[in-house]
Every structure is written in C-alpha cells, then in structure tokens.
Amino acid sequence: MAGYDPKAIEAKWQRLWADEKTWEVANPGQPGFDGSKPKSYVLEMLPYPSGEPHVGHLKCYAVGDAIAHFRRRHGFEVIHPMGYDAFGLPAENNAIKTGEPPRAATEHSIDSFRRQFREWGISIDWSRELGTHTPEYYRWTQWIFLRLLERGLAYREEAPVQWCPKDATVLANEQVVDGRCERCGTPVQQRRLEQWFFRITEYADRLLADFDLLESWPEHVVTMQRNWIGRSEGAEVTFRCAELDLDFPVFTTRPDTLFGATFFVLAPEHPELDRLIAGTPAEAEVREYVNRVARESAEERGDEDREKTGVPLGRSVVNPVNGEQIPMFVADYVLMEYGTGAIMAVPAHDSRDYEFAKAFGLPVKRVIEGSDPETARDEDGLPYPGDGPMTASGRFDGKHNREAYEEIVAWLAGEGRGESAVNYRLRDWLVSRQRYWGAPIPVVYCAQCGGEDGAPAIVPVPAEQLPVELPEIDDYAPQGRSPLAAAEDWVATECPRCGGPARRETDTMDTFVDSSWYFIRYLDPRNDAAAWDRAAADHWLPVDQYIGGVEHAILHLMYARFLTKALADLDTLTVQEPFANLFTQGMITRDGAKMSKSKGNTVSPAEYVERYGADTARTYVCFMGPPERGGDWSDEGVEGVNRFLSRLWRLCEEVGERVADELDPGASDGEARELLAKAHWAIDKVTRDFQRGFQFNTAISAVMELVNEAYRLKDGLYGDPAGVAAVRFAAATAASLIFPFAPHLAAEVWERLEGGRVWERPWPVADPELLASDTFALVVQVNGKLRDRIEAPAEAPEADLLALARASEKVQRHLDGKQTVKEIVVPGKLVNLVVR
Ligand SMILES: [Zn+2]
Ligand SMILES: [Zn+2]
C-alpha cells in the first residue's frame, strides 16, 4: 500500500483543472454560457503583489475557495476570478533602494503569486486574470477619471492636505491613522497644496442610507464606516466681527447652548486668520504659534488630555443670540477639517472649552441646569454636557433644552443669523500622488487654452487617446514632486484641444482608485472597446460574497461603494452596492504576535505546502479557529491536520481493496447503521456550519469525527460486503465534505471509491431517517407569517436558531431591504422576525 503522497495527487488534479479549464465560466451571449443556473460571484480581495504570498493570503483564498466550491455544488454558476493590485509604493520604494524598476519587481512577484495560487489548487477562472498596472487595465481607470471629471465629481483644488515626509507624497485622510502615515508610520504634516479630489462627500447620505441594501456585512465594519462618514445634525450660526466686516459661520450640534458662548476660537489653518492679525500687536505671537502648530502631528493635536494652548487675537465677534462681544483666539485644539474651522466656545457645557477657559481665565457661564459626576470638575458641577432646563438664556429660560433646540434654530433663521445644518466628518477623497508607480492622471495643462488670468487650462485627454502610458524613467526618488516631472519628453506634449504646446499632469492616481473597480473589469477583462460590457456587468453584479481583511473597512470598502454609485449615476452600471455580503477573516499570529518580517516570525506558505502538501495547509488555516477570528499558528496543529488527511487516505485504500455490496441504508443495522448515521450527522453538521457564517473549524472537526468513527467500527464491518459498503460510504462522504478545503485529496478518494468527479456531484443531503432525532423542525416566521421550516439541533441556543432562520433563502426574500425591529425566539419551536 502506498502512503498518502500529496505531491503526486495534487499535481495530477491541478494539471487536469488547468487542461480542462474546469473553473472558467462564460458570460451571457458567449459559447458555454449556462443561463439555467443562478449565478454567484465569489471574490476575495485582490492581492498586492510584493515578494511572496504570505499566510494571510493562504487563509483568505482558502476561505474564499471553500465558499466557491460549496456554491458550485449547490447548483450555482460561480464566477471566481483573480488579479493583482499591482501599482503602489512598496515596489517604488524598492526601486529607489535597489534600482530594480518597479515593473520588473512587480511582474516577478506576480509570477510567484500566480504559481503559488495554482499550487494551492484554488479554483480560479484564470481566463479573467488582470493586473492593475497594465495599460490594458489603467486605460480604463483613466477613462473612469475622465467621466468623473466631466460630471464634476473629480476636481483640482488647493486645500490643506496631509503630507508624509518619508514617502514624500500627500495621503488621503483615510490613509492617516492616529496622525501617522498608514504605510510607513511617519507622523504626517499639514501642507496647503493643489491636489485632485473625488467628490465622495456628495455621496455621504447615500453611503449611509444604502447600508440597508446590504444583505450581510459585519456590524463593526458598518459602524466604522458610519463613524468615518460622521454625519451630525445641528445648526450653522454666524458670528460677526464688526470691525473688519467679516462673518464667521460655525457649525454646532448644540445651538441650545449658544447663550453660554463666552469666547470664539479659530483653527491655526483658518484662511481669515491673516486678515484678523495683519498689523496688530498680536501678529508676531500668533504667527509664531501657527508655525509651531504646523510641526505638530494631528495625533498630538487631537489628544484630549493635552494642556490647552492658544493666543488671543485682540479681536472680538458678536454672539448673535444676545449681542455680547466675545474675544477671539487661535488654538490648536480646533481642527480645520471639522465644520468650518471655527467654534463658539461654551466652557460650561464642553470639557475642552472648559479647560481652555480655565487656562486663560475666561468666564464660564452656565445655561443648562444639571450636573454629571462623570464630567463635573468644579463645585458648580461644570462642565455639564447633559440635558436640562435652560437658564440665563433670555426668552428660553425654563424650557427644556431639547425642546428649545428647534425653536432657537428657527428664531436664528428668522433673524438671518443661522439655519439648521448637517455636518460630515467625511472629506473629499484626495486621489493624486506625487509618485511614479501609478496610473497617470489623464489631463494636460495648456496656457493657450487658459483663461485671462494667465492660469493654464486643464484639458482632459480625449478617451480615444488613452491610455496615457507611464514612461520608463531612471530616477524614482521623489523630490516633493512626482518623479514623472523629470521626464521632460513625456511631460511636454500637444494640447488635444488647440494643438499648441501643453504639459502633462505629473501626479499619478492613488492605488485605491485602481482597486475600486477591478471587480467590474473581471467580468469583461479583455474588452478593448469599453471598460466592460453592460450586459456582463448586469448579469454578474453584485459580488455575492466578498472576503478580505477588516483593515479595509474604511479605505477600499468605502471607496468601492462610492465609485459603484458614481458609475451607476453615469449610467454604466445598474447596481448601487458592489458587495452584497462581506466576510472579514481574522489575522493569523505566531506565538501570539502579529507576523512581520522584521520580527522574523513569518510563516511561508510555500514551505508548508512543500512539506505537507497544499491540502494540509489549506485545511489547517480553515481549521485553526472560526475564520472570522484570528488564530495562532501551530506546527503541531498542521501535523494534526496532516495526520487526519493521511487517515482518510488509508481508509480509502483499505476499503477500496475490499468487495462491497450496493449500499442499502434501509436494510442496515447495528454498527453499519451507526456509521451511516454518523455520516449523515456529518453531512448535516458541515452543511449547517457553512450556512451559519462559514464556521469551518467545526465543519472540519465534524469530518474528523466521521473518520474517527469509521476507524472505530471498520474492523467489525469488514467481515461482510454490506458492512464494507457502510465504511465505503463513510469514506466517500468524508471526501465529499472535505472537498471544499482539501480538493485534491478529496477528488482522488472520490474517484477511487465512487468514480467520476466529486465537484460535479451535488452537495450531499442528510437523510432525516438516519439523522439522530436530536433535531426538530424550526418554524420561521416573518411578521408572523410562516416562511420556512428548517431542521435545527434540539439543543441549539437562541443565537444559532436566529442565524439558521436568517440563512434561509425563503426567509431572506422577505427580509430584503427591510429593517428588523424585533426578533422573537422560542427555543425548540420558532423564530419570528418582525421587519418593516
Ligand atoms: Zn509614509
Ligand atoms: Zn490648448
């Protein structure tokens, strides 16, 4: 008997899948298109090709592949493509260090990713492979840019921006984490620069409202996006500086505290600051302060516990509710990014204003009664951020602040001094980068077409002249401007509008633009007449199951939602949301620590695949814990999984050599029936584990139990052909159920025992007769109406029953687009979902 030889088995099936193009699917209208099946778009976030794939990639693609296989065997036509997010800083930084051109390094890495994905046996439709760095792809990224420009959704403007001094480029707000560059960790600086933006703020309300269109996204991802968008309702109130005839609008969520404003603060970046101090005694001190603040990180400035600093401007504004003159200050705790960059300070009811008032000896005026021991810092119980009756507030005295809220806003509006307003934390998406390795922004600057003010005109490159190809250069080092600026032959061009001399835009696009639409290009990747065929996009979208890391919660996942909506508005797509269901897989650690090259604790998937085979490596990463949570890598764990697969292999060999009867479950009894019952239990368990949020660890463990049970009973069963049939059934069932995780071994075992191809067989269905009676028929209602009956374990806790109910397609049809207002669970009986 030969032992388990993953090398031979895996090579055999990989060759067959490649030769037969097993996982390729056709588009509507193409030969081979199967319109009889429902479609399912299963997608893992595309990898950033740098060096070799790491263990996080192995987990992501192993999880996604299991889902793809499960759906195929449930009768879905599954599209499961692959590509590379190939532009970006690491390749360029490597080029600066080693001189190896970014294209060469990237292609080299792509080769390694592609080879390993094939060696892992991931069921990819390779005919749809793409790289975002190829002119065939970025031509359409540029086309999308031009369409947005046409619609006013892309624009160029001078604005305060976040600058990473190490990477010598601007960053999007989303790429600044705790005041540091998301990529290299350097504290960012504020600069004022002309940059390109996408008007994502115009979509803020839709990005919030359309969470309702999503089927299932992790709640914490939705919450992170909601907080990032940061919608708050309040009022915009105008404070006037009479001396200079200047109006200062402020946004406040607390117009009910207006009577308590005792001073007024501007952010150091406020554009009117210069006019306020020019030629005044405060000028020198204010300038010195502003310069000092410019060197502080956003993290330092945002620190709540920091001592408050600032400088009086020697000017005042009028409080519109009571006509009081209140002094003006500049202080770094006010940020230009929030609201209007100016605040009315109400020290009695805001802790930061309170501290500033104490530091500068300013009056603290209570206008709302009440106190809260959590926030109170003095004997008067101030500051007090809570609610209560109003006081010292003129005509509103005695009213509850929440009741007076609308009245105050209406009164101000009537006086022309304010109006109700909504503020967002979200800023427009800064998309230009002063770097080489990205898609060139397809515009030129033409003086001849320019306006009378002498500024050159921005002239879009016509679509038929795309792509604007990235030229080859020698020096990639950024010098505060794009390295492309030195490519004079490329920069100097002809204006497509007037034919005169023009200069190309030398900034490139943020790589997050490339990755915001790649899932559409997969649907029609070789189209050289359009970015995609509308019919193909309409057929396959949205992505039914998206899989990736939670670190993309507010970067990629929000940008892709925005771009999808913008493209739908441009009438190029029908869907409003790109990803109906999202699954975020947890991170794998080693010895409890995050893996990193610098710590030297990384796991190389190639090493484990070489040693144990891909099936072991894939099954292990799905088995090490619930996939949505992290797990700690353990070599013993890998060996354990390898032992289990070897045992399944030996069982197959043993039983394959023995003569078996045709299986007759009805006639089986004793140990044969016991083993059949275990097999059906495993079918039921694995199926349910897939359905309730991909609980792969418990699914795999059920198959292990089945194999153990077969080992326990096999010697007693080998005596007669009916018994052999039961063992054979158990082994084949184990292979069928482990196929999504260990496809090579499973295909081989199935072929030997049953003949044919396991992936062409429908997913097994448990025979209720043989299932132990520890299940019951769960009644699922929506708004009291019966929608489904589901087999559920007798002892299942409420949460499991709810998950089962929600997983039912029949039930989902009645939940679509609705909000659940109540969940009623009667254990052992029913689930009723109340929606509206
Ligand atoms: Zn950086
Ligand atoms: Zn021109």
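In helix α19, the residues Ala614, Asp615, Thr616, Ala617, Arg618, Thr619, Tyr620, Val621 and Cys622 are buried, a term that denotes under 20% relative accessible area with a 1.4 Å probe and protein chains only. Because nine of the ten residues of α19 (residues 614-623) are buried, this helix is largely enclosed by the rest of the structure. The model is predicted, so that local features need pLDDT of at least 70 and side-chain atom pairs count only at pLDDT 80 or more, whereas totals for chains, interfaces and linings use all residues. Residues are numbered from 1 along each chain as its sequence is written, and side-chain values use heavy atoms, with hydrogens and water left out. Helices are DSSP runs (H or I, at least four residues), numbered from the N terminus.

The largest nonpolar core, a set of buried Ala, Val, Leu, Ile, Met, Phe, Trp, Tyr and Cys residues joined through side-chain atoms within 4.5 Å, has 98 residues, and those with the most contacts inside it are Phe117, Val621, Trp633, Phe690, Phe696 and Ile738. The largest share of this core, twelve residues, comes from α22. Apart from this core lies another, of 95 residues, among them Ile79, Leu426, Val444 and Ala502. When residues up to four places away in sequence are not counted, Phe696 touches Val63, Ala66, Ile67, Cys622, Pro627, Phe690 and Phe741, contact being defined as heavy atoms within 4.5 Å.

The axes of α22 (residues 696-717) and α23 (residues 721-738) come within 10 Å and cross at roughly 165°, the axes being lines fitted to C-alpha atoms over the stretch in contact, with angles from 0 to 180 degrees between N-to-C directions. The two helices α22 and α23 are therefore roughly antiparallel, the class for angles over 145 degrees. In their contact, Ile700, Val703, Leu706, Val707, Ala710, Lys714 and Leu717 of α22 meet residues of α23 including Val724, Val727 and Ala730. The residues of this contact divide into twelve nonpolar, two polar and one charged.

Helix α21 (residues 670-691) also packs against α23, with axes that come within 9 Å and cross at roughly 10°, which makes α21 roughly parallel to α23, the class for angles under 35 degrees. Among the α21 residues that meet α23 are Ala672, Leu675 and His680.

In the loop between α23 and α24 (743-753) lies Phe739, which is buried with a relative accessible area of 0%. Leaving aside neighbours within four places in sequence, Phe739 is in contact with Trp23, His69, Arg73, Ala746, Ala747, Val758 and Trp759.

Notes: Chains lettered and ligands numbered in written order. Parallel < 35°, antiparallel > 145°, perpendicular 65-115°, else oblique. Nonpolar A, V, L, I, M, F, W, Y, C, P; charged D, E, K, R; others polar. Buried < 20%, exposed > 50% of the residue type's maximum accessible area, 1.4 Å probe, protein only.
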